Amino acid sequence: MTDAVDVSPSSPSSPSSPYDVVVIGAGPVGENVADRARAAGLTTAVVESELIGGECSYWACMPSKALLRPVVARADARRVPGLSGAVQGPLDVQAVLAHRDEMTSGWKDDGQVDWLEGVGADIHRGTGRLTGPREVTVTAPDGSEHRLTARHAVAVCTGTRAVVPDLPGIAEARPWTSREATSAKEVPGRFVVVGGGVVGVEMATVWQALGSEVTLLIRGEGLLPKMEPFAGELVAEALAEAGATIRTGVSVTAVERPAPDGPVTVVLDDGGRIEADQILFATGRAPRTDDLGLETVGLKPGSWLTVDDSCRVEGTDWLYAVGDVNHRALLTHQGKYQARIAGAAIAARAQQDTPLDTTPWGPHAATADHAAVPQVVFTDPEAASVGLTLAEAERAGHRVRAVDYDLASVAGSGLYADGYRGRARMIVDLDREILLGVTFVGPGIGELLHSATVAVAGEVPIARLWHAVPAYPTISEVWLRLLEAYRG
């Protein structure tokens with residue numbers, strides 16, 4: 001956490017000059033709302049209680065991917081003839097951690113501050129709380145307070161926090177959440193990961209490769225439950241081959257750590273006990289709205305904020321909730337997309353001479369939140385998806401067909417790695433002959449995803465996709481094979 005500096009001299013008894021827009025939260029989402037508002041000529045204040053740049057920059061996307069990159073690169077190199085023999089040794093742990101530290105700027109936000117000030121937004125260090133319609137009171141680190149008012153909009157961009165279950169012994173055990181897992185300075189010897197979602201599998205991948213003895217505990221039947229089943233299956237196979245132990249259908253009922261620096265014992269619902277040096281709970285997120293002053297504007301503290309497609313909170317004409325806090329799509333890139341939409345909508349409503357277009361795929365509607373959300377899980381193998389899974393499409397009542405293809409059968413995959421394993425699936429809407437969803441699993445497929453996102457978001461007809469010729473010999477030739485399989 002940086003030394004906080006309050007850039008406003010205002011006090012509660014002497015309110016600051018009104019801004020057009022006040023943004024609470026200066027993560028990537030809040031930064032983008034501020035950028036779009038300023039681009040439209042609106043005066044903008046941004047309130048932040050921690051680091052400018054937010055969760056993604058310091059405790060999530062950037063540090064986790066910095067940790068994963070050498071892990072995946074080594075795994076890829078080990079599958080290349082002529083190179084595999086040179087990369088059989090362990091990773092240089094200190095070099096990996098140092099690279100992670102560099103990618104987080106050493107948990108200093110000077111560069112992010114320069115960028116935000118460069119777009120013309122005023123930064124107010126401190127905790128922002130709503131104290132009435134269009135009013136935000138900022139409590140600075142020194143305890144002083146000042147009030148900000150917004151002529152047109154307040155945007156809540158406070159994101160989420162990790163949820164740790166209320167279990168016996170949890171306080172004394174001091175478990176890791178995603179923040180500790182991405183910022184740790186040492187490798188735990190025995191490491192238990194609770195949860196099989198994205199954070200769980202990515203952190204299991206990292207710390208297993210860096211030398212931990214990893215046990216992954218899953219309450220459900222498999223990993224990555226929000227993706228196609230084969231995604232979790234292929235990732236689980238790779239983790240097991242790397243040495244991780246995966247146990248499904250089990251729940252943690254208690255944790256015990258008698259000595260603050262001693263081992264932790266994990267008690268399971270089947271009566272089993274596991275001793276470890278550290279435990280990570282990757283079991284969900286909750287909105288950062290419990291101390292936001294929502295009660296002053298008729299909303300429930302601690303709740304997710306329900307919004308329309310312009311990200312305006314239902315029942316208000318001035319309050320916006322953008323990013324994770326609205327529970328539409330808990331992904332940084334999706335929150336930034338929402339921010340671009342919300343910023344444009346705020347400007348259109350403020351200026352009144354710009355027509356507001358909230359029709360699907362219009363400039364003021366975050367339609368992709370419903371139809372084309374992309375995600376990459378940076379494990380080995382990578383898993384990537386956009387749009388609906390087969391189960392989701394069927395539940396939504398679409399008449400669909402799933403078309404699968406073995407990625408190992410594509411020439412580019414064989415060149416990429418010996419023993420390549422992967423799978424691709426596209427979900428075809430049989431009535432409109434467009435794609436509703438695409439999933440890829442395999443080494444090196446993360447960069448394939450944007451082509452799928454364009455096809456899904458653009459509702460490109462299958463007949464036109466037939467004319468999008470993939471280069472040979474690349475892994476992207478799987479597109480041709482999927483289309484051939486669909487045509488029969």
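**Figure 1. The buried residues of helix H4 pack against helix H3 (61-77), helix H7 (178-183) and helix H8.** The model shown here, as in every figure below, is predicted. Helix H4 covers residues 93-103, and Val96, Leu97 and Arg100 are buried in this helix. These residues sit on the same side of H4 because they cover an arc of only 95 degrees around the axis. An α-helix has 3.6 residues a turn, so residues three or four places apart point the same way. The other side of H4 carries Gln94 and Glu102, which are exposed. Ser105 comes just after H4 and takes a positive phi of about 55 degrees.

**Figure 2. Thr205 lies in helix H8, which is formed by residues 198-209.** Helix H8 is one of the helices that the buried residues of H4 pack against. Is Thr205 buried or exposed? Thr205 counts as buried, because its relative accessibility is 8% and the cut-off for a buried residue is under 20%. When neighbours within four places in sequence are left aside, the contacts of Thr205 are Leu68, Val71, Leu239, Thr379 and Asp380.

**Figure 3. Strands E11, E12 and E13 form an open sheet in that order, with antiparallel pairing.** Strands E11 and E13 are the edge strands, and each pairs on one side only. From one strand to the next, the twist averages 20 degrees. Strand E11 (residues 252-256) and strand E12 run antiparallel and are joined by 4 bridges. Within this pairing, Ala254 has Val267 of E12 as its bridge partner. Strand E12 is also joined to strand E13 (residues 273-276) by 4 bridges, and these two strands run antiparallel as well. Here Thr265 stands opposite Glu275 in E13. The hairpin of E12 and E13 has 4 residues between the strands, and Gly271 takes a positive phi near 90 degrees in this hairpin.

**Figure 4. Strand E12, made of residues 264-268, is mostly covered.** How many of the residues of E12 are buried? The count is 5 of 5. In a regular strand the side chains alternate between the two faces of the sheet. In E12, Val264, Val266 and Leu268 point one way, while Thr265 and Val267 point the other way. Residues pointing either way from E12 are buried.

**Figure 5. An open sheet of 5 strands follows the order E17-E18-E21-E20-E19.** The pairing in this sheet is antiparallel. Strand E17 (374-377) and strand E19 (400-406) stand at the edges; each has a single partner strand, so one side of each is left without a neighbour in the sheet. Neighbouring strands of this sheet are turned by 10 degrees against each other on average, with direction ignored.

**Figure 6. Helices H9 and H14 pack on the sheet that contains strands E18 and E21.** Strand E18 (residues 382-387) pairs with strand E21 (residues 434-442) over 6 bridges, in the antiparallel sense. Gly387 stands opposite Gly437 in E21. Helix H9, residues 229-242, touches E18, strand E20 (423-429) and E21, and its direction makes about 5 degrees with that of E21. Helix H14, residues 449-457, touches E17, E18 and E21. The direction of H14 makes about 170 degrees with that of E21.

**Figure 7. The whole chain, as a setting for the close-up views, contains 16 helices and 21 strands.** A compact globule with 488 residues would have a radius of gyration near 23 Å, and the chain has 24 Å, which agrees. The C-alpha trace of the chain spans about 70 × 65 × 40 Å along its principal axes. Of the 488 residues, 51% count as buried. The chain exposes about 20,900 Å², and 51% of this is supplied by carbon and sulfur atoms. Among contacts in the chain with a separation of 6 or more, residues 24 or more positions apart account for 63%.

Notes: Residues are numbered from 1 along each chain as its sequence is written. This is a predicted model: local features need pLDDT of at least 70, side-chain atom pairs count only at pLDDT 80 or more; totals for chains, interfaces and linings use all residues. Side-chain values use heavy atoms; hydrogens and water are left out. Buried means under 20% relative accessible area, exposed over 50%, partly exposed in between (1.4 Å probe, protein chains only). Contact means heavy atoms within 4.5 Å. Two strands pair if DSSP finds at least two bridges between them. Axes are lines fitted to C-alpha atoms, for helices over the stretch in contact, and angles run from 0 to 180 degrees between N-to-C directions. The radius of gyration is taken over C-alpha atoms; the globule rule is 2.2 Å times the number of residues to the power 0.38. Accessible areas come from the Shrake-Rupley method with a 1.4 Å probe; for residues, only the protein chains shown count as cover. The arc is that of the directions from the helix axis to the C-beta atoms.
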